[in-house]
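Grab a pencil and work through these exercises on helix packing and aromatic pairs. Try each task yourself before reading the solution.

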Amino acid sequence: MALLIKKGRVVDPASNTDEVLDILIEDERIKRIEKNISISSAEVIDASGKVVTPGFIDMHTHLREPGREDEETIESGTYAAAKGGFTTVCCMPNTSPAIDEPAVVEFIYKQARKRGIVEVLPIAAITKNREGENLSDMGKLKRAGAVAFSDDGDWVDNSDLMRRALEYAKMLNLPIISHCEDKTLTQDGVMNEGFFSTILGLKGMPKEAEEIAVYRDLALARMTGSHLHIAHISTANSVRLVREAKERGVKITAEVCPHHLVLTDKEVRCLDTNTKVNPPLREEEDVKALKEGLKNGTIDVIATDHAPHSLEEKELDYTLAPFGIIGLETALSLLVKELVEEGVLSLMELVAKLTISPAQILGIDRGKIAEGAKANLTIFDIKKGWKVKKEELVSKSTNSPFIGWQLPAPVEYTIMGGKVVFRRGQR
């Protein structure tokens with residue numbers, strides 16, 4: 001059956017559209033976009049007063065399958081994605097086994113087709129088993145369907161190996177996504193090194209651990225002419241380095257996570273392990289620089305780094321608990337609150353960071369509302385509010401520092417290939 005979205009405010013950065021329009025969907029694709037479409041045989045969604053955007057794309061998601069299905073599965077993770085308005089998620093390779101063989105890539109696609117409700121695109125490991133010693137078979141991984149390469153969770157600290165990875169990725173026309181952290185500086189660290197780590201007596205993780213890695217990787221990207229994407233950038237100096245590299249013509253893109261825009265290391269004072277993330281929460285000056293980087297185009301994408309962990313793990317002492325928080329279900333609302341309502345970005349600019357920009361980096365035909373395009377759409381109510389409740393989260397894990405927060409812009413509908421896969425109030 002056809003699906004007709006009526007009278008929604010269509011915000012599409014790819015076409016610079018911000019207008020009240022109707023959208024007719026047939027056979028998984030957008031057939032017509034205009035005012036006052038009338039068709040008696042279609043299911044109708046009244047989007048009056050609501051915003052209609054391309055479905056969001058998350059470049060940085062941990063779905064934990066295979067290996068840690070107790071924390072998340074492709075099924076539960078894609079439900080969380082749909083609830084947050086994401087129609088495409090890219091899953092990181094730090095699974096067990098790692099995504100370093102074509103068979104694992106194929107397994108993920110098979111599970112996503114069987115169990116998932118949104119699109120899942122695997123990111124393959126740069127090195128075998130993510131050990132930083134030998135390159136994975138990047139050509140075979142691309143043929144199997146990998147959309148990028150990363151050893152996320154670890155930095156490829158061997159410069160010659162990283163150079164060769166960048167050169168191979170350039171031949172394959174895929175980006176390398178780098179987790180920039182010199183672990184010789186962060187070993188045993190649990191939070192940002194600074195005033196609050198000192199008064200709390202916790203081992204700090206200096207900003208320089210990220211910045212040294214960013215500087216090295218930018219130098220190699222300049223040397224090879226390859227596309228380097230910096231994951232979860234978190235410090236003011238890292239933003240400066242990326243901006244300067246872009247000005248010199250280096251093929252570099254970068255992402256930031258919602259929690260690094262909303263929280264600072266001050267929040268760690270409560271010793272809630274849901275403030276323990278990697279990179280760690282930084283200082284006010286860093287948050288300010290990250291927001292400015294989004295505004296001036298230095299930072300291209302906002303990605304969740306959705307990282308589920310079991311309750312048993314997160315209830316450990318702060319020094320022992322794992323890094324990471326979930327983020328798919330709260331990302332949009334946090335970003336509207338922190339960026340749009342505060343005047344940092346326009347709604348159009350925010351939507352671009354979640355749609356067309358990641359699509360272009362990944363080289364996928366997504367992130368736009370156009371006749372003939374796949375009907376992946378998100379509808380949210382920017383005037384409405386909602387409260388984050390633990391019992392209403394659909395991820396298998398509940399490790400979020402935002403439980404209890406009152407937020408704007410709940411997602412009302414998520415549409416994947418013309419099918420409604422999430423409708424607020426229904427599970």
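**Exercise 1: two helix pairs**

The crossing of helix 12 and helix 13 is right-handed (the near helix is turned clockwise from the far one by less than a right angle; anticlockwise would be left-handed). A word on the ground rules: this is a predicted model, where local features need pLDDT of at least 70, side-chain atom pairs count only at pLDDT 80 or more, and totals for chains, interfaces and linings use all residues. Residues are numbered from 1 along each chain as its sequence is written, and side-chain values use heavy atoms, with hydrogens and water left out.

*Task.* Work out how helix 12 is oriented to helix 13, and which residues meet.

*Solution.*
- Step 1: the axes of helix 12 (residues 331-340) and helix 13 (residues 347-354) come within 10 Å and cross at roughly 140°.
- Step 2: that angle makes helix 12 oblique to helix 13 (under 35 degrees is roughly parallel, over 145 roughly antiparallel, 65 to 115 roughly perpendicular, the rest oblique).
- Step 3: Leu 335, Val 336, Leu 339 and Val 340 in helix 12 touch Leu 347, Leu 350 and Leu 354 in helix 13 (contact means heavy atoms within 4.5 Å).
- Step 4: sorted by class, this contact has 7 nonpolar, no polar and no charged residues.

*Task.* Now do the orientation and the class count for helix 7 and helix 8.

*Solution.*
- Step 1: helix 7 (residues 207-224) packs on helix 8 (residues 236-247) at about 10°, axes 9 Å apart.
- Step 2: helix 7 and helix 8 are therefore roughly parallel to each other, and their crossing is right-handed.
- Step 3: from helix 7, Glu 210, Glu 211, Val 214, Tyr 215 and Leu 218 meet Asn 237, Ser 238, Leu 241, Val 242 and Ala 245 of helix 8.
- Step 4: those residues split into 6 nonpolar, 2 polar and 2 charged.

**Exercise 2: rings**

*Task.* Classify the pair Phe 56 and Phe 86, and say whether each residue is buried or exposed.

*Solution.*
- Step 1: the ring centres of Phe 56 and Phe 86 are 5.6 Å apart with planes at 70°, so the pair is edge-to-face (rings pair with centres within 6.5 Å; planes under 30 degrees apart are stacked, over 60 edge-to-face, the rest tilted).
- Step 2: Phe 56 sits in strand 6 (residues 56-61) and Phe 86 in strand 7 (residues 86-91), so the pair ties together parts 30 residues apart in sequence.
- Step 3: Phe 56 is buried at 0% relative accessible area (buried is under 20%, exposed over 50%, partly exposed in between), and Phe 86, at 1%, is buried.
- Step 4: Phe 56, Phe 86 and Phe 380 form one aromatic cluster.

Note on methods. Axes fitted to C-alpha atoms, helices over the stretch in contact; angles between N-to-C directions. Helix = DSSP H or I, 4+ residues; strand = E, 2+ residues; numbered from the N terminus. Nonpolar A, V, L, I, M, F, W, Y, C, P; charged D, E, K, R; others polar. Phe/Tyr/Trp six-rings, centres within 6.5 Å; stacked < 30°, edge-to-face > 60°. Buried < 20%, exposed > 50% of the residue type's maximum accessible area, 1.4 Å probe, protein only.
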